[in-house]
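Student: Before we begin, I should like each structural term to be tested against its definition. May we take the helices, the core and the cavity in turn?

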Amino acid sequence: MTTNRTLRGDELTPSVEELTAEARKSSPALTLTAALLGFALICLDASVVNVALPAIGFSLGAGMSGLQWVVDAYTLPFAALMLSTGAFADRSGASRAFALGTGVFTLASVACGLAPGLPALIGARVVQGMAAAVVLPASLALVRQAFPEPARRARAVATWAAGGSAAVALGPVAGGLLTTAWDWRGIFFVNLPVGALILALLVRAPRSGRRPAPLDLPGQATAVVALTAVTFAVIEGGAAGWAALAVGVAAGAVFLRVEARSPHPVVPLGLFRDRTVAVTVAVGAAVSVAFYSVVFVFSLFFQQVQGLSALRAGLAFLPMTGLIAVTNVVAGKLAGRYGPRVPMLVGQALAVAGLLVLVYVDAGTSSVLTAVLLVPLALGCALTVPPLTAAMMDAVPVERAGLAAGVLNAARQVAGGLGIAVFGALVGDGFVDGMRVALLISAGALALAWAGTFRLR
């Protein structure tokens, strides 16, 4: 007697015939909706919290370092674990990994909303970031699974990506609206019905097969220790900060040694021998430092320096974020016509100019004018990211595309998190002066990346 299941270890894995039959009974549209909502949810949580930071600080008695941890407690595990969660999704099956990540993320969001103090909030944010790192690759794998035809899959992936861009754009406005109409806790409680809806939609998603995928646990562990220690050193400073920096440097050295010797490293160091890979990762990191750090600093500037309400502060970001999705599409078309280098050069130059203009903003500058002055930075970043992503994907073999995407996204998230740590420390001793130094640092980093872009083929 035969069976159409194959035995792998202690698990019965659906065969190709079963998965195909189940896919016919499933709804690709509902699967795409679930994946899009999951991706949008984790992108929203990366941006929605910024506008609520002053309210969180007032409610929980948090100073600048505490507010930095509220943001970075999410960003750092999200970035660091993204190196391995693609392999985890393959080993577990995309549908299982996506359901697990969404469920944990939703429960952690509730824990954030119920947090009685700052340590509890930061701890729940760490769990959110860990779950988000699982959701991102699993959601994209679900889309690829639901749309086997290349043309339909390309449209579905574009729709999935647009959901993330829209969430980033709406994040500051949603944060301001929820904080004003409800409370800062509302920005976390709103994730509960969305998470429940995603899990309900997953009922119509086909089960995903499991694939053997190696995990580099020593590399992953040392990466987490290094990033956490360096971030702690920047935020906390003092003697403890110097000790943490020493730990971070040592962990970083161990990480490089482990990756050089591992047969399946989370970050294959050989990738960076390719000039295109090295340039695109550097540009992506510089863009993230500029964009995410500016959003963090100006969220506080609008409310703490200019005295705007959370809602008005969120609306001040709307011109900046609202154009990102449209500009991303334009950037993709420009890259297709002229290659990635031209839009990347134009975008970075525009972003540098935008940063230098923002240096002249002070407490007396109109919030409307400031909102307009933020637009060039957003346009420049939006022009740069799609072409650099395409250049990165074209530079690596097809079988390493997922790994390369994980390295690029992790580098961007890490850079954004460290930028927030550095710039938060700068504005702590004098907001406007510190903000100007932060803007100049961002402009300098982007200018160096712009110069490196000329090395692209």
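**Terms and evidence**

Tutor: In helix α8 (residues 191-201), the buried residues are N191, G195, I198 and L201; buried means under 20% relative accessible area with a 1.4 Å probe, protein chains only. This is a predicted model, in which local features need pLDDT of at least 70 and side-chain atom pairs count only at pLDDT 80 or more, while totals for chains, interfaces and linings use all residues. Residues are numbered from 1 along each chain as its sequence is written, and side-chain values use heavy atoms, without hydrogens and water.

Student: What puts the buried residues on the same side of α8?

Tutor: They cover an arc of only 125° around the axis, so they lie on the same side of α8; the arc is taken from the directions from the helix axis to the C-beta atoms. They pack against α2 (28-60), α4 (94-114), α5 (118-146) and α7 (186-189), where contact means heavy atoms within 4.5 Å.

Student: How do you know what helix α9 should span?

Tutor: The expected span is 1.5 Å times one less than the number of residues. For the 20 residues of α9 (residues 217-236) this gives 28 Å, and the end C-alpha atoms are 28 Å apart, which agrees. G237, with a positive phi near 65°, follows α9.

Student: Which residues line the largest cavity?

Tutor: S293, V294, V297, F298, F423, M435, A438 and L439 line the largest cavity, as lining residues have an atom within 4 Å of a cavity point. Helix α11 gives the most to this lining, with four residues. F298 also touches F317, L358 and V361, among others.

Conventions
Buried < 20%, exposed > 50% of the residue type's maximum accessible area, 1.4 Å probe, protein only. Helix = DSSP H or I, 4+ residues; strand = E, 2+ residues; numbered from the N terminus. 1 Å grid on protein atoms, 1.4 Å probe; cavity = no way out; pocket = protein on both sides within 12 Å on 5 of 7 lines; lining within 4 Å. Lists of a residue's contacts leave out its neighbours within four places in sequence.
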